[in-house]
Amino acid sequence: MEETLLLSYHNSALYTSDPLTLREGGWLSDAILGFYFEYLAHDVLAGNQTVLFLKPALVQCLRVHANAALHSAAVPPDTFKRELVFIPINGSAGNPDDAHWSLLVYVRRHKPTFHYFDSMANANYPHALAVKDALTGLLRRTHRVPDTEEDPPLITHSCPQQENGSDCGIFVVLFADILTRRYADAAWNAKAEAAAAAAAVAMSGTVPTAQLLPSIPSPAPSIGSLTGSSANNSDALLYPTTTYGTASAKKRRITLEKTFWWIDYGDLSNPIRARLILR
């Protein structure tokens, strides 16, 4: 079948064969996954530059090629300055039966950490570990991390499991959607708290209220058809301090509680329904 461009969106493009992978029993294509990541970055997060979604092809490069120079050239230079980095893992080595998707998430906290979600009993763990090691090596080289400092830990999370051999990509989409919306909600709450603190300063007569209250966009609308409940939690992420006149608002931290990473079956949409919605 001749491939025809169906849709382009920012740095993603979908062709004729890509929507076919959303049919029940289909293996989600790299393009569909990359397209959804673009949607999360530009629509849900509204271009929030503290979050980065790595492209599937780039992650494969990190996993397959043990070439430090190639890694340095391929990975965006500001990757380790982001608070969250979503990393899709695929174990494919050219064999369709080995094309399992899972999700790795890098968090820049007081100490960098990797979090891992796999809907098939950690089948991709060795591949996730390989990507984590490649990124850790790059982090050490670019940030001159001393050899005496320990590598960032890799935390494996219990999460919902797929009931067939083809829904792994859908689960990665759902996991990423849930975590992204939780982060977006937490960031919005931090802005609201900062605005409230500014208003309190204004009421004290330090500076006019009109000069203090920033414009706060509404949090990204939840797609209940894709995710169920959401948690307004986050993980020691520093929200920028804002200085108003002679008064300085307190630093607001988006507190990523442990529950931020908890994903259970009640959070997920039915995978078949999710496929239909994405189509």
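## Exercises on a predicted model

Arginine 140 has a relative accessible area of 18%, which makes this residue buried. The model is a predicted one, and the exercises below start from this arginine and then work through the rest of the chain.

**Exercise 1. Place arginine 140 in the fold and find which residues it touches beyond its sequence neighbours.**

Step one is the element: arginine 140 sits in helix H4.
Step two is the burial class. The cut-off for buried is under 20% relative accessible area, so a value of 18% puts arginine 140 in that class.
Step three is the surroundings. Leaving out residues up to four places away in sequence, arginine 140 is in contact with Val145, Pro146, Asp147, Glu149, Glu150 and Asp151.

**Exercise 2. How far can the model be read, and where should you be careful?**

Begin with the whole chain: its mean pLDDT is 78, and 78% of the residues reach 70 or more.
Next, look for a weak stretch. Over residues 207–251 pLDDT stays under 50, although the model has 107 contacts there beyond four places in sequence.
Now weigh those contacts: predicted coordinates should not be read in detail where pLDDT is low.
For the overall picture, the chain has six helices and eleven strands. Buried residues account for 48% of its 279 residues. Of the contacts between residues at least 6 apart in sequence, 64% join residues at least 24 apart.

**Exercise 3. Work out the strand order of the open five-stranded sheet and name its edges.**

Walking across the sheet, you meet S3-S4-S5-S6-S7, and the pairing is mixed.
The edges are strand S3 (51–53) and strand S7 (154–156), each of which pairs on one side only.
On average, neighbouring strands of this sheet are turned by 20° against each other, direction ignored.
Now zoom in on one edge: S7 pairs with strand S6 (residues 113–117) in the parallel sense, over three bridges. Here tyrosine 116 stands opposite threonine 156 of S7.

**Exercise 4. Describe how helix H2 packs and what covers its buried residues.**

First, the position: H2 (residues 56–64) lies across strand S4 (84–90) and strand S5 (101–107), and runs at about 70° to S4.
Second, the buried residues, which are Pro56, Leu58, Val59, Cys61, Leu62 and Arg63.
Third, the cover over them, which includes helix H1 (30–44), helix H3 (68–74), S4, S5 and helix H4 (125–143).
Finally, pause at the cysteine in this group. Cysteine 61 is buried at a relative accessible area of 14%, and cysteine 168 is buried at 1%. A search of the whole structure turns up zero disulfides.

**Exercise 5. Classify two of the aromatic pairs by their ring geometry.**

The structure has eleven aromatic pairs.
Take tyrosine 36 and tyrosine 39: their ring centres are 5.3 Å apart with 50° between the planes, a tilted pair. Both residues belong to helix H1 and are three residues apart, about one turn of the helix. This spacing recalls a general point: an α-helix has 3.6 residues a turn, so residues three or four places apart point the same way. Tyrosine 36 is buried, with a relative accessible area of 7%.
Then take tyrosine 116 and tyrosine 125: at 6.1 Å centre to centre and 70° between the planes, this pair is edge-to-face. Tyrosine 116 is buried at 0% relative accessibility, while tyrosine 125 is partly exposed at 30%.
To round off, one aromatic cluster consists of Phe117, Phe171, Phe175, Phe260 and Trp261.

**Exercise 6. Where do alanine 121, asparagine 122 and histidine 10 take up their positive phi values?**

Recall the background: most residues other than glycine have a negative phi.
Alanine 121 lies in the loop between S6 and H4, has a positive phi of about 50° and is exposed at 64% relative accessibility.
Asparagine 122 is also placed in the loop between S6 and H4. Its phi is near 60°, and asparagine 122 is partly exposed at 31%.
Histidine 10 belongs to the hairpin of S1 and S2, which has two residues between the strands, and its positive phi is near 55°. Strand S1 (residues 5–9) and strand S2 (residues 12–15) run antiparallel and are joined by four bridges. In one of these, serine 8 has alanine 13 in S2 as its bridge partner.

Terms used:
Residues are numbered from 1 along each chain as its sequence is written. This is a predicted model: local features need pLDDT of at least 70, side-chain atom pairs count only at pLDDT 80 or more; totals for chains, interfaces and linings use all residues. Side-chain values use heavy atoms; hydrogens and water are left out. Two strands pair if DSSP finds at least two bridges between them. Axes are lines fitted to C-alpha atoms, for helices over the stretch in contact, and angles run from 0 to 180 degrees between N-to-C directions. Contact means heavy atoms within 4.5 Å. Buried means under 20% relative accessible area, exposed over 50%, partly exposed in between (1.4 Å probe, protein chains only). pLDDT is the predictor's confidence in each residue, from 0 to 100. A disulfide is a pair of cysteine sulfur atoms within 2.5 Å. Rings of Phe, Tyr and Trp (its six-membered ring) pair if their centres lie within 6.5 Å; planes under 30 degrees apart count as stacked, over 60 as edge-to-face and the rest as tilted.
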